[in-house]
Amino acid sequence: MSTHMINIAQQSLAGFKTAAATAAKNIQFSSDPNFARESVRFSTGLGGQLVVASERMADAFLNQRLGDSRSALSYTTLYSTQASFTDKLVTGVVMDADGNYNNPLSYNTTEYLLSFERLMIDDNPSNRELVLNAMATMAYTFNSTSESLEAQIDVLNSQIGTEVQRTNQLMDQLARVNETILATPAGGQDPTLLNQRDALLAELSGLVDVQVRFYDNGTTRVELKNGMPLVDKDLVNHMSVGPGQFGNDPEIYVGNFQVSEYPNVLGGSLGAAVATREEVVEDTIRQLGLLALTLVNASNEINNNGYTSAGVNGPDLFAQMMGYGVAGSGNTGNAQINLTFAHADTQSLKADPMVLTRTPTGFEVRDANTGALLSSSAGLPVVVNGVTIDMPAGAANNGDEFYLDPMRDVAQQMTVVATADDIAAAANLPVVDGDNGNLLAFAGLKNQPIMGGGESTITEGFSIAFSEIGTKASGAQSRMTTAESILNSTLAEQQALSGVVLEEEQISLIQFEQLYQASSKIIQTSQGMFNSLLGVF
């Protein structure tokens with residue numbers, strides 16, 4: 001009887017030691033958000049002995065929801081940050097020398113147009129120099145703003161490279177954990193390995209939106225939301241960064257498959273970096289290019305139609321802008337594609353990029369974003385959206401494609417080439433003193449519907465562009481707030497199951513230690529009684 005009691009007490013002693021160790025472990029990792037607490041379960045064996053077991057409090061479905069929420073917040077946070085930065089850079093105001101706050105782009109453009117009104121009132125060398133200064137200031141503002149946006153793209157591209165590298169590191173580590181689980185007896189139930197696995201998955205979900213599938217043995221298969229496998233047990237499909245079809249911005253690949261083509265499916269901060277680069281920053285550069293090109297062409301057209309004091313038509317005030325088609329990586333021909341812009345056709349200009357394709361019967365031009373057919377012709381040149389597309393050299397073979405992004409870099413090309421005497425004030429020949437009819441055309445330029453198919457003035461063009469940028473920024477902020485709320489809700493649910501309540505674990509530790517001491521005393525007392533009985537005999 002005493003021996004049986006001692007055995008039961010010894011088993012209880014070991015059980016309470018395990019329970020105390022479990023509570024101590026919970027306390028130790030209480031601040032780790034990826035740690036799943038272990039709950040102690042007590043039961044009675046067939047022989048009446050105490051059975052103590054620990055259970056890891058985790059739920060795969062809940063963890064997947066948490067990963068989805070992390071990915072969504074990571075995506076919306078980066079998108080919102082970059083959109084807000086772009087909005088502030090382009091539409092923000094700064095204080096001028098007089099202490100007034102203005103937006104440099106719209107203010108310097110307005111000052112350029114107003115300078116002709118001053119010249120119209122008094123055409124003298126000083127006011128002509130003021131016009132040239134206003135032109136140069138406006139050009140510099142467009143140049144520098146576009147260059148700043150291009151620098152923002154460089155930062156995003158660098159971030160893409162860094163995060164792809166980190167994603168590959170996490171996938172390698174996850175594969176090694178899977179390998180360890182496979183090689184370790186009962187590895188699929190080892191809380192330490194499972195916590196390590198879940199910590200890697202949590203960080204990975206912030207970079208890309210992944211679907212996690214758990215095998216019965218505790219190992220995992222990690223896929224992108226399009227089903228592309230990244231990790232399968234100890235096998236890894238690494239990501240890489242390489243040029244896109246037209247060799248412009250770097251894209252993300254898994255094997256030979258471009259996964260950055262749909263950044264919202266890629267998800268996480270990686271998807272957001274691609275999305276903001278394309279949807280926010282590059283689109284804003286195109287909008288600036290459209291405004292710059294419209295101003296340049298309209299100004300040159302007006303000056304060409306007027307007459308200088310020498311009695312000749314005015315030359316261009318700004319350098320003519322042009323662009324080039326970027327050949328696809330699979331092209332077999334050697335064609336060179338040039339893009340030029342007619343001075344008088346500002347109303348037809350659009351900011352959207354296009355794709356030119358050589359077909360068996362000629363050439364097709366499609367919208368690069370929607371794929372909509374814009375033009376089909378037997379040959380080149382052809383005018384589409386106010387852009388003249390020509391092939392000055394080489395030949396295009398059937399199937400060859402060219403990416404046409406006419407507004408991408410024209411804001412950086414805005415350059416003043418005129419001198420003071422090049423400004424054509426007169427509207428008629430012969431030129432006589434007091435004929436400032438052409439200056440009147442310049443002064444009225446701000447009220448002319450020269451944009452958007454003849455529906456918008458240059459001032460309205462600025463308003464539309466600024467509104468689009470602001471809408472993207474405010475929409476991104478709203479989505480980020482929603483994603484943050486969803487993550488907090490899911491995290492609270494997960495912590496209710498897996499999180500450690502420090503006060504409860506401290507109380508449990510004290511109780512288990514007291515039970516351990518009580519069991520120890522029982523053993524000591526029972527052994528004393530047993531030894532006393534043996535002494536009698």
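**Salt bridges, cores and a surface patch**

In this predicted model, K446 is partly exposed, with a relative accessible area of 22%. This value earns that label because buried residues are under 20% and exposed residues are over 50%. K446 has a charged partner: its side chain meets that of E117 in a salt bridge, with N and O 2.7 Å apart. K446 sits in the loop between α9 (437–443) and α10, while E117 belongs to helix α3 (residues 104–121), so this pair ties together parts that are 329 residues apart in sequence. Like its partner, E117 is partly exposed, with a relative accessibility of 27%. As a general point, side chains of opposite charge can pair when their charged atoms come close.

The search of the whole structure finds 20 salt bridges. Another of them joins E493 and R65, whose side chains meet at 3.0 Å, N to O. Here E493 lies in helix α10 (residues 458–498) and R65 in helix α2 (residues 60–91), so the bridge links parts that are 428 residues apart in sequence. How accessible is E493? The relative accessibility of E493 is 38%, so this residue counts as partly exposed. R65 is also partly exposed, at 29%.

A further salt bridge pairs R166 with E203, the closest N and O atoms being 2.8 Å apart. R166 is found in helix α4 (residues 125–183) and E203 in helix α5 (residues 191–207), so the two parts tied together are 37 residues apart in sequence. R166 is partly exposed at 28% relative accessibility, and E203 is partly exposed at 35%. Beyond such pairs, salt bridges that share partners join E150, E282, R286, D405 and R408 into one network.

Attention now turns to the nonpolar side chains. In soluble globular proteins, nonpolar side chains tend to be buried together. The largest nonpolar core in this model has 104 residues, and the members that touch the most others are Y112, F142, M239, I389 and M414. Helix α4 supplies the largest share of this core, with 18 residues. Which residues does Y112 contact, leaving aside neighbours within four places in sequence? Y112 is in contact with A134, M135, M138, S299, L317, F318 and F442. Apart from the largest core lies another one, of 5 residues, including L66, L73, M480 and A483.

Nonpolar residues also appear on the surface. V93, M95 and Y101 form a nonpolar patch there, and together they have about 360 Å² of accessible area. One of these residues, M95, is placed in strand β3 (residues 94–95). Is M95 buried or exposed? M95 is exposed, with a relative accessible area of 52%; the label follows because exposed means over 50%.

A final view is offered by N428, in the loop between α8 (410–413) and α9. At 47% relative accessibility, N428 counts as partly exposed. N428 and Y307 are 121 residues apart in sequence, yet their C-alpha atoms are 6.9 Å apart in space. Not counting residues up to four places away in sequence, N428 touches Y307 and D435.

Key
Residues are numbered from 1 along each chain as its sequence is written. This is a predicted model: local features need pLDDT of at least 70, side-chain atom pairs count only at pLDDT 80 or more; totals for chains, interfaces and linings use all residues. Side-chain values use heavy atoms; hydrogens and water are left out. Patches are made of residues with over 30% relative accessible area and no salt bridge: like charges are joined within 9 Å, nonpolar side chains (Val, Leu, Ile, Met, Phe, Trp, Tyr) within 5 Å. Accessible areas come from the Shrake-Rupley method with a 1.4 Å probe; for residues, only the protein chains shown count as cover. A salt bridge is a side-chain nitrogen of Lys or Arg within 4 Å of a carboxyl oxygen of Asp or Glu. Helices (H or I, at least four residues) and strands (E, at least two) are DSSP runs, numbered from the N terminus. Buried means under 20% relative accessible area, exposed over 50%, partly exposed in between (1.4 Å probe, protein chains only). A nonpolar core is a set of buried Ala, Val, Leu, Ile, Met, Phe, Trp, Tyr and Cys residues joined through side-chain atoms within 4.5 Å. Contact means heavy atoms within 4.5 Å.
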